Amino acid sequence: ITSYGMQVLGVFIGLLYGWCVAGNLIWPSLLAIAAMATTDYGGGMAVVGSLFSNASVTMIIFGSFLMGPISESGVGDWLMAKMLSTKLVAGKPWRITLMLILGLYLLALVVLNQILILLLVMAILPGTLRAAGYTPQDKYPNMLMMGIVIGQLMSIMAYPFMGVALMPIGTMYAATGLSIDIMKWMLAVIPWSIVALIGYVFLMKLMGCDASKMADISSGEMREKAAQKLTPYQRASFIATVMLIVGCVIISFGSAIPFFASFSVYGWMVLLPGLMMIIKVEGKPLLTTKMITESFPWELFLCLASAMFVAGQLTAEGTGIGVLLGGLLGSFYGAVGEYMFLVICGILALVLTNFLNNLAIFMTFVTVFCSLYMQGILVDINTAVIAASLFGCLGFVAPSGSVQGAMAHSFEFTSPKTYYLVGIPSIAYLCVTYVVLFLPVCMWLF
């Protein structure tokens, strides 16, 4: 590890400690940004400039504009009331929990925009949890949000022909000349994700999460709220929300069309708020400047910006950490054999990605696996790459692990201390499902 690597590592440890002991996420994030300006990165101007160059941070800024009308109009509470008062889940708290975690995972397979889904969750879910009487220190809201985030991260690697999943596949093809069977990839990833999320709900029950409050709120008052008719302003806010989702779906699946590829989801998320500020309903704009300023998530913005930047630098070329990890993995193979190597690497990727940057972790593992294959050492390159891509993507505990993990920390009903405590058994559970279910099935498919 280089001198610069030790500097960044010190900032990272301080950032994790600050998030745990602070009453909010803002001042540790600001101090971490200031501390990075004292390292060999290049000074304060370079650090601040890099913070705003992250596309995910930009999406948070413009996506948050749309959360104001949802909260202001009460349409978020109405949507939750509609869902919780249906016969399938009414009065059944664990069914409600499964619907939120698994249902949002299935929605992510269609919408293909996990950040947008989590922004909507952060706008809609707090009212329900508040009415039920939960606090940020309770296990249930922490594990519920964690389960939702895990599902969203799983969906990132569901389709090997689009998005982030193209990175490990492209790396493997460039290094080895091999391509992965798309259908086998999906058969390995999607069914396991569904089974793992269902099992996660049972883990919540085993961990002593009190879901009974959700049963109380899913009857009576919720049914009355669900039966209420929407006002014109509420209806317009609901339509805008639907348009946001539908627009992202159309643009994502229509990326082969030059205009959609150029305009992208980012263009749509900038255009829609602009139109909402022009359109008036009941004599007032659908989106106002006041709504934007009041609903802007400063904790999320600063937490995400600092976490992504520090974690990205931690695994950058100049720190030596990535080289160290690659060397350790390469020398480790001969001592344990291929099967145990895949077991240990999958678990190691899952653990590391929850504290370092998930993109850097799974790409490091994939690069090492390709090198071992080209040397004639590693045989099952397909299983190795899929395992590294999926489990190296599941950074849900620390904000530095992923954008989605950072969003969970800024959620109104999570606290860092409780979130970290329930995160440890959650990692252990996913490790067990990897060894018992995912790895055997994946090796059988390939």
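A residue counts as buried when its relative accessible area is under 20%. The structure on display is a predicted model, and this tour begins with a residue to which that cut-off applies.

**Stop 1: Ile381**

Select Ile381, which lies in helix α21. Is this residue buried or exposed? Its relative accessibility is 2%, so Ile381 counts as buried. Next, display the residues around Ile381. Apart from neighbours within four places in sequence, Ile381 is in contact with Met172, Leu178, Phe369, Cys370 and Tyr373. Of these partners, Met172 deserves a distance label: 209 residues separate Met172 from Ile381 along the chain, while their C-alpha atoms are 8.8 Å apart.

**Stop 2: helices α19 and α21**

Keep helix α21 (residues 381–391) in view and add helix α19 (residues 338–353). The two axes come within 8 Å, and they cross at roughly 20 degrees. Since angles under 35 degrees count as roughly parallel, α19 is therefore roughly parallel to α21. The crossing of these two helices is right-handed.

To inspect the interface, show side chains on both helices. On α19, the contact is made by Leu342, Gly346, Ala349, Leu350 and Thr353; on α21, the participants are Thr383, Ala384 and Phe391. Colouring these residues by class gives five nonpolar, three polar and no charged.

**Stop 3: helices α11 and α23**

Move to helix α11 (residues 182–206) and helix α23 (residues 416–445). How are these two helices oriented, roughly parallel or roughly antiparallel? Their axes cross at roughly 150 degrees and come within 10 Å. Angles over 145 degrees count as roughly antiparallel, and α11 and α23 are therefore roughly antiparallel to each other. Here, α11 passes α23 in a right-handed crossing.

Select the α11 side of the contact as Lys184, Leu187, Ala188, Val189, Trp192, Val195, Ala196, Gly199, Tyr200 and Leu203. These residues meet Pro425, Ser426, Tyr429, Leu430, Thr433, Tyr434, Leu437, Phe438, Cys442 and Leu445 in α23. By class, this contact comprises 16 nonpolar, three polar and one charged residues.

**Stop 4: Ser155**

Now centre the view on Ser155, within helix α9 (residues 139–156). With a relative accessible area of 4%, Ser155 is buried. What does the side chain of Ser155 pair with? A polar contact of 3.0 Å links it to the side chain of Gln114. Gln114 also appears in the wider set of contacts, which, with neighbours within four places in sequence left aside, consists of Tyr105, Ala108, Leu109 and Gln114.

**Stop 5: Phe259**

Turn next to helix α15 (residues 258–278) and select Phe259 there. This residue has a relative accessible area of 55% and is exposed. For a distance label, choose Gly177 as the second residue: Phe259 and Gly177 are 82 residues apart along the chain, and 32 Å separates their C-alpha atoms.

**Stop 6: Glu282**

The last selection is Glu282, placed in the loop between β1 (280–281) and β2 (284–285). Check its backbone torsions: although Glu282 is not a glycine, its phi is positive, at about 55 degrees. With a relative accessible area of 53%, Glu282 is exposed.

How values were computed. Residues numbered from 1 in each chain as written. Predicted model: local features only at pLDDT ≥ 70, side-chain atom pairs only at ≥ 80, totals over all residues. Heavy atoms only, no water. Helix = DSSP H or I, 4+ residues; strand = E, 2+ residues; numbered from the N terminus. Buried < 20%, exposed > 50% of the residue type's maximum accessible area, 1.4 Å probe, protein only. Polar contact = N/O pair within 3.5 Å; in protein donor to acceptor, adjacent residues only side chain to side chain. Contact = heavy atoms within 4.5 Å. Axes fitted to C-alpha atoms, helices over the stretch in contact; angles between N-to-C directions. Parallel < 35°, antiparallel > 145°, perpendicular 65-115°, else oblique. Left-handed = near helix turned anticlockwise from the far one by under 90°. Nonpolar A, V, L, I, M, F, W, Y, C, P; charged D, E, K, R; others polar.
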